[in-house]
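Open your viewer and get ready to click along. We will stop at a contact between chains, then at a pocket, and finish with some hidden spaces.

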Amino acid sequence: MASKKYDLVIKDGQVIDPALGFGKEAHVFVKDGRIVKIQKDSAAIARDLKSLDDDQLIDAAGKIVIPGLIDIHVHLREPGGEAKETIETGCRAAAAGGFTSVCCMPNTTPRIDNQETVKFVQDRAAGADARVYVVGAITKNIEGKELSEIGDLVKIGAVAITDDGNYVQNPEIMRRSLEYASMFDIPVMQHAEDQFLCAGGVMNESFQSSRLGIKGAPAVAEEIAVARDIALCQVTGGRLHIQHVTTRGAVEAIRKAKLAGINVTAEVTPHHLVLTDEEIGKEFNTNLRVNPPLRSAADRDAVIEGLIDGTIDCIASDHAPHAEQDKDCEFDMAPPGMIGLETTVGLIKTYLIDKGYLSWADAVRKMTANPARILGLPGGSLAVDSPADITIIDPEKKWTVRADRFQSRSKNSAFIGYKLSGCVFKTIMGGRIVFG
Amino acid sequence: MSRLSSRHLLGLEGVPKEDISRILETAVSFREVIDRTIKKVPTLRGVTVLNLFYEPSTRTRISFELAEKRLSADTVNFSASTSSVKKGESLRDTVQNIEAMKIDMVVVRHRSTGVPYFLTQCMDANIINAGDGAHEHPTQALLDMFTIWRKYGRLDKLRVVLVGDIKHSRVIRSNIWGLQTMGASVALCGPSTLLPVEVEKFGCDVYTNVDEALDGADVVNVMRVQLERQQSGLLPSQREYTNLFGITKDRLKRLNKNYTIMHPGPMNRGVEIASEVADSDHSVILDQVTNGQAVRMAVLYLLSGRQEEEGM
């Protein structure tokens with residue numbers, strides 16, 4: 001069998017790669033799972049394309065071709081929560097959402113706080129439809145008491161540490177984790193919510209919670225946590241990553257810290273960019289119960305502003321699957337979290353790009369180059385010789401979010417029924433078409 | 001068909017004035033029924049009403065049950081302590097089981113906000129909220145308004161002060177919405193730790209000084225203060241609450257002449273209200289209890305859509 005010159009060519013798409021500063025119509029050539037070149041159309045190229053079989057060609061005319069998206073905050077639930085999601089179904093959801101790389105959180109059962117569990121996840125992820133990078137636990141069993149064997153975790157491949165879901169409440173432990181992690185040059189990802197201030201809170205503390213008589217978690221719980229950790233980051237010289245930023249005060253603190261040269265990065269979820277606490281009283285939809293909670297419109301606007309000016313580096317879904325029966329209950333009894341991998345692209349297009357807040361290049365940067373840089377991941381760019389992780393987007397296609405279309409094993413999205421513009425056309429990971 | 005603009009009574013926020021007036025006016029006739037020797041009308045004959053109480057309640061449950069019985073409805077009681085809830089059955093499953101038993105109307109109390117709404121989504125019955133979390137308790141507010149209205153002949157331009165734990169009180173929330181809709185001027189008074197955030201957005205005057213709050217008021221509705229607030233750091237002590245917010249005889253001097261003292265019960269005598277105030281001629285606390293039945297009869301009747309011809 002003659003060896004082919006290319007395995008796959010994506011032709012005529014609008015190629016956007018913020019890492020390369022590239023943004024024009026071109027063909028993307030893939031061979032052996034890597035990108036071999038990106039080239040504009042020419043007579044020679046046209047001849048090349050003619051020699052290819054149809055199944056080696058993807059017609060991306062009218063589509064946007066971008067580096068495979070990276071989501072640095074997802075819950076794959078395996079091990080222990082297989083009824084909600086497995087690594088296989090979570091990666092299928094990732095592929096359907098245009099993500100070729102995801103970072104999974106360690107709050108599984110058992111926790112990912114040791115090499116064996118990291119290895120288990122890695123083994124289960126081999127052959128899945130997305131690359132899975134493991135984020136290990138900061139503390140043993142996510143209890144906030146003793147540091148995990150972070151050196152061991154990094155050695156086997158953990159890309160960062162977090163106690164996500166829990167805030168590392170003890171400042172001494174947080175200080176030591178930043179110091180310790182700095183030996184390995186990995187970030188400490190913090191779920192920043194002071195546990196005393198938000199104890200019992202199930203929605204944002206605001207007039208909405210006052211009106212509904214629901215216990216609120218105040219914005220200051222996040223702001224005090226962010227401020228404290230920035231101070232600790234500064235004294236330790238560690239790397240701090242603030243997960244799911246939701247408040248004006250937190251955005252301002254991070255902006256100021258960055259100006260002062262402190263090594264802090266931040267993410268925001270699509271649901272905090274799109275929804276506010278005013279949604280909750282309408283139908284008490286338990287899929288709106290998330291941690292940190294949906295905030296006021298003023299906070300939401302401040303977070304969008306922070307995303308635009310670069311205070312917030314990236315968009316991450318905090319994909320948090322929950323079984324239907326666990327969410328089909330009283331609002332305050334519902335476990336927090338909603339799924340997000342399969343709605344991120346449509347939401348960002350509809351609510352940020354179409355509204356003029358972000359350009360495609362800005363949005364793509366926040367879901368490719370920036371998350372790759374924060375965690376030192378391969379990918380995030382279509383540079384020659386990079387892994388052929390490529391997402392093709394149909395930018396104007398209208399679609400309605402439907403529960404029965406989700407690849408995720410769970411359906412707990414607050415966006416079911418939303419009409420969105422822009423969806424994933426195809427997802428390619430390592431040269432293999434994993435979706436579309 | 002319901003004779004109100006909705007087939008359920010989930011709260012008073014957003015309920016139009018016409019509905020509230022209709023409930024109050026209808027309650028007048030039922031109040032007369034209660035004063036008869038034979039306190040019963042056939043209005044809801046053949047209608048099955050379930051009292052679904054997930055939270056302990058004595059007076060509200062009994063008040064509803066009496067209202068139902070006096071309307072000749074068939075009543076069933078379900079309380080969490082004697083039900084499958086303890087076996088871990090989900091709310092939806094419980095409710096669907098009840099629906100399968102062909103219930104026409106459900107009176108529900110639950111510790112979680114939004115449960116009455118949840119019920120409207122999984123069953124066909126008319127739903128009446130008898131208290132959901134700290135959200136709303138519409139029939140209590142209606143009976144409070146009925147009691148005031150009967151005394152003054154109006155609700156508009158009266159000054160009503162609600163005193164107590166504003167943050168955790170569903171009675172206060174329902175009173176705010178109802179009284180505002182009917183044109184009363186509403187003032188809230190309580191310790192700053194028991195005021196909900198952004199309390200000013202309720203559109204009431206807000207006080208942390210009870211003497212200022214009572215100045216020029218017509219009605220004082222005193223709320224029960226939960227003694228466990230101390231443990232959660234919201235109050236230093238019961239003693240201090242009484243000193244700062246207790247409604248004592250001395251404090252009543254600032255009220256308008258024909259003033260009214262109310263309390264939804266159960267009272268902590270000597271804590272939020274002095275005994276001599278609770279038992280004074282200005283107190284309508286026991287009228288509230290009797291009126292509660294009339295108002296609940298009116299709500300049940302109007303939501304059921306039954307005709308009046310069967311006699312009242």
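Our tour begins where the chains meet: in this predicted model, three salt bridges are counted between chain B and chain A. To see one of them, select Asp328(A) and Arg92(B), whose side chains meet in a salt bridge at 2.3 Å, N to O. Now widen the view to polar contacts: 10 residue pairs across the interface of chain B and chain A count as such, with both partners at pLDDT 80 or more.

Next, colour the helices on the side of chain B that touches chain A. α3 (91-100), α4 and α6 (170-181) of chain B each give two or more residues to that side. Of these, α4(B) gives the most, with three residues. If you colour that side of chain B by class, you should find nine nonpolar, five polar and six charged residues.

How many residues does each chain bring to the contact? Chain B brings 20 residues and chain A brings 18. Together the two chains bury about 1600 Å², and 54% of this lies on carbon and sulfur atoms. Highlight Thr113(B), Tyr117(B) and Val197(B): in chain B they lose the most area to chain A, together 32% of what that side buries.

Now move to the second largest pocket, which holds about 800 Å³ of space. To find its centre, select Phe284(A), Asn285(A), Thr286(A), Asn287(A) and Lys327(A), which lie nearest to that point among the 33 lining residues. Both chains take part here: α10 (280-283) and α12 (324-327) of chain A, along with α4 (115-122) of chain B, each supply at least two lining residues. You have met α4(B) already, and with four residues it gives the most to this lining. By class, the pocket lining has 14 nonpolar, nine polar and 10 charged residues.

Last come the cavities, of which two reach 30 Å³ or more. For the largest, about 70 Å³ in volume, select its lining in chain B, including Val225(B), Leu235(B), Tyr241(B) and Val271(B). Its lining divides into five nonpolar, four polar and no charged residues.

For the second largest cavity, about 40 Å³, go to chain A and pick out residues such as Ile66(A), Lys349(A), Trp360(A) and Ile393(A), which are among those lining it. Show α13 (344-353) and α14 (360-365) of chain A, each supplying at least two lining residues; α13(A) has the largest share, with four. This lining has nine nonpolar residues, no polar ones and one charged.

Conventions
Residues numbered from 1 in each chain as written. Chains lettered and ligands numbered in written order. Heavy atoms only, no water. 1 Å grid on protein atoms, 1.4 Å probe; cavity = no way out; pocket = protein on both sides within 12 Å on 5 of 7 lines; lining within 4 Å. Points joined across faces, edges and corners; volume = space filled by probe spheres on them. Nonpolar A, V, L, I, M, F, W, Y, C, P; charged D, E, K, R; others polar. Contact = heavy atoms within 4.5 Å. Buried area = accessible area lost by both parts, 1.4 Å probe. Salt bridge = Lys/Arg side-chain N within 4 Å of Asp/Glu carboxyl O. Polar contact = N/O pair within 3.5 Å; in protein donor to acceptor, adjacent residues only side chain to side chain.
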